[in-house]
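Colleague: Please take a close look at a single part of this model, and then place that part in its wider setting.

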Amino acid sequence: MSERSEQTAVRGDGRHAAVPTQRSRPRRAPLSENKKSERRLGWLLCAPAALVMLAVTAYPIIYSVWLSLQRFDLRFPDERAFVGLENYVTVLSNEFWWTAFGVTALITVVTVAVELALGMGLALIMHRTLVGRGIVRTAALIPYGIVTVVAAFSWRYAWTPGTGYLANLFSDGAPLTERASSLAIIMLAEIWKTTPFMALLLMAGLALVPEDLLKAASTDGATSWQRFTKVMLPVMKPAILVALLFRTLDAFRVFDNIFVLTAGGNETSSVSMLAYNNLIRGLNLGIGSTMSVLIFIAVAIIAFVFVKLFGTAAPGSSDDERR
Amino acid sequence: MATETTTRARLRWGLLDAVVVVFALIPVLWIASLSFKTPATLTDGKFIPREWTLENYRTIFATDQFVRALVNSIGIALIATLIAVVLGAMAAYAIARLDFPGKKLLVGVSLLIAMFPQVSLVSPLFEIERQVGLFDTWPGLILPHITFALPLAIYTLSAFFKQIPWDLEKAAKMDGATQGQAFRRVIAPLAAPGLFTTAILVFIFCWNDFLFAITLTSTERARTVPVALSFFTGASQFEDPTGAICAAAVVITVPIILFVLFFQRRIVSGLTSGAVKG
């Protein structure tokens, strides 16, 4: 059963790549009544999904902009008032915000870079290994599937003095009570958890590399490094960009690992952690919403830069071309 | 590299495989090991327990705190998965099969949602759910779960749907079936493997959620296991909760391990087809 599903997936890939225009628009002479009912059905089928997605994201984010313009502390509900951009001034002139922003940026850049390198290696192993392909793929899926909080507890106890097997690896101190080592452990936990996902996205790109091309390059005397950089990488470029975009935005949201590992202590808070603390611990809805809006803007800028830099290779556009 | 199957190459690959397997499994084995340790040996720093016990598991299953959270986790993830897969299948069918204005917009919107910073919704959803009475309820968590699972469901399913032999549908329609009947009777059975794979991916996603679960709940009414874990304090305040936390962590890891063991091929093909080829 499962074998068959993989076969069809592979066959489907081939078909997509070889005959991209097979499903070109007019399937038969357009009967206007037919066309109309097709449209209606299309809208009807998409409406529930679209409504849920918009109701739970678009409306709250607009509401959040409105909240961010108010002084609104749930402990002092009577003092609620419209204050314009005051909250933004407060947050953007606050050193905690910028520390958290720096931590988030550092974690994002380092983890994504390491994951790209490790993920490429893992993708090559999963794709090309001659022995135990099933075992290695199964093992790699475990970090992907495991609950982040569970993995975070495992890492926390591993580095806890006395309890953990890693605690005395570098020094006799407690690694999770110092800033640099805490950040390193947070990044380690993130990398462990998300490298397999990166690898799977890259493996999808690897599957598109034509075997003949590799053989031809090899016959022409290309070394394996040359085959990797000159043949594989160019074909894989779209997959790499998609993987980078998704992982970058995902890394920017880092929360679970920090919550469990350090709870944001020793200046290891990410922006998500800070927004959470302002809302749940501080019950300050105005400031919390301001941070929400700022994080949204930051993520939008990252996504925009990616799409602008890589143009047609962005997921949305390449998707349309293929159809 | 591609064709040589010398013993040397096999050995090299085997070694690389071993590194990956060890790296992937160590944290899981470690927390499992901790969960089987007795309180006396919990802090001995040994990777393998010297004395084995099931006491930690007995403890957590005797507490309401954990059992309620487990019921919440399972119920919320199952309902959210079911709804997300049904809504996602409808939309994916339309995307894969029908021609209508606004299709690109829907694909674009799902892509945006997939990239959306969830923490940006935490403050407004907290306030909205308090006002409409959804705060600290199952639906209050199910709704955001569905929302963020939908892009995954739509992408994976439309990739699967594009591989289905659609001529069968045409044949059914020629025999007098309506588009709706053709979908239910002919296409749905063919699409079942894709639906199943998507359901696994969506379930894993919902099961994993921590941010929404910790901000949109306040009591045991809707608190899920990942959140309950972070609030475990032990039976009395002098008792170290480490063993209990590890046992609970292992319990919620078991379904994931089973999925991965039995459906590895499906999960891999679902993730790779949905993610890039959408």
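Modeller: The account below starts from helix 5 of chain B and then turns to the two chains around it.

This is a predicted model, in which local features need pLDDT of at least 70 and side-chain atom pairs count only at pLDDT 80 or more, while totals for chains, interfaces and linings use all residues. Residues are numbered from 1 along each chain as its sequence is written, with chains lettered from A and ligands numbered from 1 in the order in which they are written.

Helix 5 of chain B runs over residues 119-132; helices (H or I, at least four residues) and strands (E, at least two) are DSSP runs, numbered from the N terminus. At 1.5 Å a residue, its 14 residues should span 20 Å, and the end C-alpha atoms are indeed 20 Å apart; the expected span is 1.5 Å times one less than the number of residues. Helix 5 of chain B nevertheless bends by about 30 degrees at B:Leu125, the bend being the angle between axes fitted to the seven residues ending there and the seven starting there. After the helix comes B:Gly133, with a positive phi near 80 degrees.

How much of helix 5 of chain B is buried? The helix is mostly covered, with ten of its 14 residues buried (20 or more other C-beta atoms, placed from the backbone, within 10 Å of a residue's own; exposed means 12 or fewer, partly exposed in between). The buried residues include the run from B:Val119 through B:Ser120, B:Leu121, B:Val122 and B:Ser123 to B:Pro124. B:Leu125, where the helix bends, is buried too, as are B:Phe126, B:Glu127 and B:Glu129.

The cover comes from both chains. From chain A it includes helix 2 (32-68), helix 11 (271-281) and helix 12 (285-310), and from chain B helix 6 (138-161) and helix 9 (211-215). UniProt, in an unreviewed entry, lists residues 138-161 of chain B among its transmembrane regions; such annotations, given in the numbering used here with shortened feature names, may be inferred rather than shown by experiment. That span is 100% helix and 0% strand, with its end C-alpha atoms 31 Å apart. On the chain A side, the unreviewed UniProt entry gives "transmembrane region" for residues 41-66 and 283-307, among others. Residues 283-307 of chain A are 92% helix and 0% strand, and their end C-alpha atoms lie 36 Å apart.

The interface as a whole joins 98 residues of chain B to 97 residues of chain A, a contact being two C-beta atoms, placed from the backbone, within 7 Å. On the chain B side, helix 11 (residues 242-277) of chain B supplies the largest share, 23 residues. That side consists of 64 nonpolar, 24 polar and ten charged residues (nonpolar: Ala, Val, Leu, Ile, Met, Phe, Trp, Tyr, Cys, Pro; charged: Asp, Glu, Lys, Arg; polar: the others, Gly among them).

Chain A itself has 13 helices and two strands, and 42% of its 323 residues count as buried. Of its contacts between residues at least 6 apart in sequence, 69% join residues at least 24 apart. A:Thr223, in the loop between helix 8 (211-219) and helix 9 (224-252) of chain A, is exposed because 11 other C-beta atoms lie within 10 Å. A:Thr223 is 57 Å from A:Tyr63, C-alpha to C-alpha, and the two are 160 residues apart in sequence.
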